[in-house]
Amino acid sequence: MELSTLTPTLHRNTLASTFVSLSPPLYKLTVPRLITQPRRAKIGILGKPNFTPIAAISDPHVLQIAETLEDSLASTSSPTPPLLQKLKDTSSETLLSTPWPSRKDEPFRFTDTSFLKSSEILPIQSPNLQLLSSLAVSGDTDLPIVSIIDGYIVNHSSQSSQLLPSGVFVGGLSDLKSQDILKRVSVHMSSFQGDLFWALNGVGTPDVVLIYVPEGCRVETTLHLKHFAVEGSDRESKTLPISNPRVLVMVEKGGEVGIVEEYVGGDGEKCYWTNSVVEVVIGEGGKVTHSYIQNQSLNAAHIKWTWVQQESSSIYKLIEVSTGGKLSRHNIHIQQVGSDTVTELSTFHLSVTDQTQDLHSKLVLDHPRGYSQQLHKCIVAHSSGQAVFDGNVQVNRNAQQTDAGQLTRSLLLEPRATVNVKPNLQIIADDVKCSHGAAISDLEEDQLFYLQARGIDIKSARKALVFSFAAEVVSRLPDDSIRKKVEDQIRTLLESTNPKP
């Protein structure tokens with residue numbers, strides 16, 4: 001048999017090379033035709049899509065969750081805004097052909113979601129306002145606060161209207177009256193499609209928290225979005241309450257805003273699932289500083305998507321600290337749509353029990369002179385703890401003179417503690433400055449000896465070195481009150497682990 005001539009071709013969306021035949025082979029491989037466009041979901045009397053399974057591509061478990069989410073919102077008396085309904089329809093259609101992820105899927109190779117699948121998912125139909133007064137809604141920071149309980153907007157700080165410049169809107173999409181802003185929002189609503197959890201959020205979100213900054217407006221005061229998880233089940237229960245908060249940040253040309261996105265839980269032993277989405281659209285020359293703090297129950301699931309679109313000369317900075325959740329996964333997708341953009345990602349993850357802390361990020365550079373720096377650090381301080389990092393930087397052919405760097409550093413403090421890291425660069429442009437690296441270790445003996453030689457006992461030396469490892473990221477949080485609170489949280493969690501002497 002004559003062998004075909006093979007040549008490697010690097011595909012943008014794959015990590016490995018594939019081979020394409022240059023001459024006709026002597027055999028023919030027939031592949032069954034798959035349905036690539038699922039049938040559109042029909043809308044029922046209440047505006048609820050009828051999830052009709054499509055043979056061979058529908059997942060009954062996914063459709064059951066989607067119908068449950070729809071039913072929970074159908075009982076509300078208020079009408080759904082057209083833009084929100086568009087989001088729900090698009091997400092419903094996506095779920096018709098989206099299966100539940102398994103360990104056989106590359107993005108979830110090291111992330112086990114089986115405890116979510118085995119639980120009875122119960123949507124939270126309304127916020128528990130009786131507990132609002134007992135929660136720390138204000139007082140721990142000086143920032144204007146938007147309080148969100150189990151995905152529902154329930155409170156605006158009285159300072160907000162006084163501190164925000166004219167033209168800035170912060171509130172629910174259902175409360176937006178400006179047709180001009182609605183027109184701008186409609187351009188980006190549902191413009192990106194993520195995975196299963198992105199689509200479930202689109203179906204189940206009761207409203208979208210909108211932050212809109214008009215052209216040339218600089219918001220001096222940082223906005224604090226504080227998410228409270230109130231409803232929860234006992235650890236022995238098979239039920240799992242789910243909330244689907246969603247935020248859209250739009251910054252027009254030359255605008256600037258800082259955002260603190262904080263997730264906390266009421267009872268630290270409760271089980272619940274927070275399934276969150278944040279979309280950020282930054283116009284030409286705009287700037288967004290995004291602080292993300294996740295400190296939910298150690299028995300909870302926290303799955304989050306962050307999608308960012310940057311126009312030319314825009315700046316996006318993310319500082320992330322994630323310490324809570326039995327399963328915590330953050331998916332980041334950043335798309336450059338103009339030249340001279342700046343993207344900085346700084347993340348710190350801490351696993352002190354049998355937690356999984358997972359970060360999957362993708363940065364796509366399509367235009368010249370882009371700059372990006374990513375620093376990922378994690379500490380696994382439990383023998384059953386796990387951390388996952390999959391960071392992809394894609395430098396396409398037109399992204400000449402790009403400067404991209406990526407570094408992941410992991411600290412394993414216990415035997416059998418696990419970390420799986422995959423930093424990777426996909427470079428097609430030929431005039432670039434790109435680097436990446438990974439380091440995994442325990443504390444250095446030389447560092448411990450240095451501190452002991454100066455009269456510091458071994459236990460204090462280990463505490464100091466472990467905390468300083470986290471401080472490189474935590475110190476980048478721009479707000480002093482938030483930074484101090486996060487530092488105290490990390491110290492408390494590290495002390496509870498009883499590090500080895």
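Start by selecting W273: this tryptophan is buried, with a relative accessible area of 0%. Keep in mind as you click around that you're looking at a predicted model.

**Stop 1: the partner of W273**

Now add F197 to your selection. What is the angle between the planes of the F197 and W273 rings? The planes stand at 75 degrees with the ring centres 5.9 Å apart, so this pair is edge-to-face. F197 is buried too, with a relative accessible area of 1%. Colour the chain by position and you'll see that the pair links distant parts of it: F197 belongs to helix 6 and W273 to strand 14 (residues 273-282), 76 residues apart.

Next, show W100 and F108 as sticks. Together with F197 and W273, they form one aromatic cluster.

**Stop 2: a stacked pair**

Searching the whole structure turns up nine aromatic pairs. For another of them, pick F192 and W307, which are stacked, 5.8 Å centre to centre with 15 degrees between the planes. Why does this pair tie together parts of the chain that are far along the sequence? F192 is in the loop between helix 5 (179-188) and helix 6 (196-204), while W307 is in strand 16 (residues 301-310), so the pair bridges parts 115 residues apart in sequence. Buried or exposed? F192 and W307 are both buried.

**Stop 3: charges over rings**

Select Y292 and K304. The charged end of K304 sits over the Y292 ring, 4.5 Å from its centre. Then jump to Y450 and R454, where the charged end of R454 sits over the ring of Y450, 3.7 Å from the ring centre.

**Stop 4: two helices crossing**

Show helix 8 (residues 458-474) and helix 9 (residues 480-496) as ribbons. Their axes come within 11 Å and cross at roughly 145 degrees, and the crossing is right-handed. Turn on the side chains to find the contact: helix 8 brings K463, V466, F467, A470 and V474, and helix 9 brings residues including R483, V486, I490 and L494. What kinds of residue make up this contact of helix 8 with helix 9? Seven are nonpolar, five are charged and none are polar.

**Stop 5: a cysteine in a strand**

Finish at C434, which you'll find in strand 25 (residues 432-441). This cysteine is partly exposed, with a relative accessible area of 24%. Select D403 as well: its C-alpha atom is 5.7 Å from that of C434, although the two residues are 31 residues apart along the chain. Leaving aside neighbours within four places in sequence, C434 is in contact with V395, A404, L425 and I427.

Methods. Residues are numbered from 1 along each chain as its sequence is written. This is a predicted model: local features need pLDDT of at least 70, side-chain atom pairs count only at pLDDT 80 or more; totals for chains, interfaces and linings use all residues. Side-chain values use heavy atoms; hydrogens and water are left out. Rings of Phe, Tyr and Trp (its six-membered ring) pair if their centres lie within 6.5 Å; planes under 30 degrees apart count as stacked, over 60 as edge-to-face and the rest as tilted. Helices (H or I, at least four residues) and strands (E, at least two) are DSSP runs, numbered from the N terminus. Buried means under 20% relative accessible area, exposed over 50%, partly exposed in between (1.4 Å probe, protein chains only). A charge sits over a ring if NZ of Lys or CZ of Arg is within 6 Å of the ring centre and within 35 degrees of the ring normal. Axes are lines fitted to C-alpha atoms, for helices over the stretch in contact, and angles run from 0 to 180 degrees between N-to-C directions. A crossing is left-handed if the near helix is turned anticlockwise from the far one by less than a right angle, and right-handed if clockwise. Contact means heavy atoms within 4.5 Å. Ala, Val, Leu, Ile, Met, Phe, Trp, Tyr, Cys and Pro count as nonpolar, Asp, Glu, Lys and Arg as charged, and the others, Gly among them, as polar.
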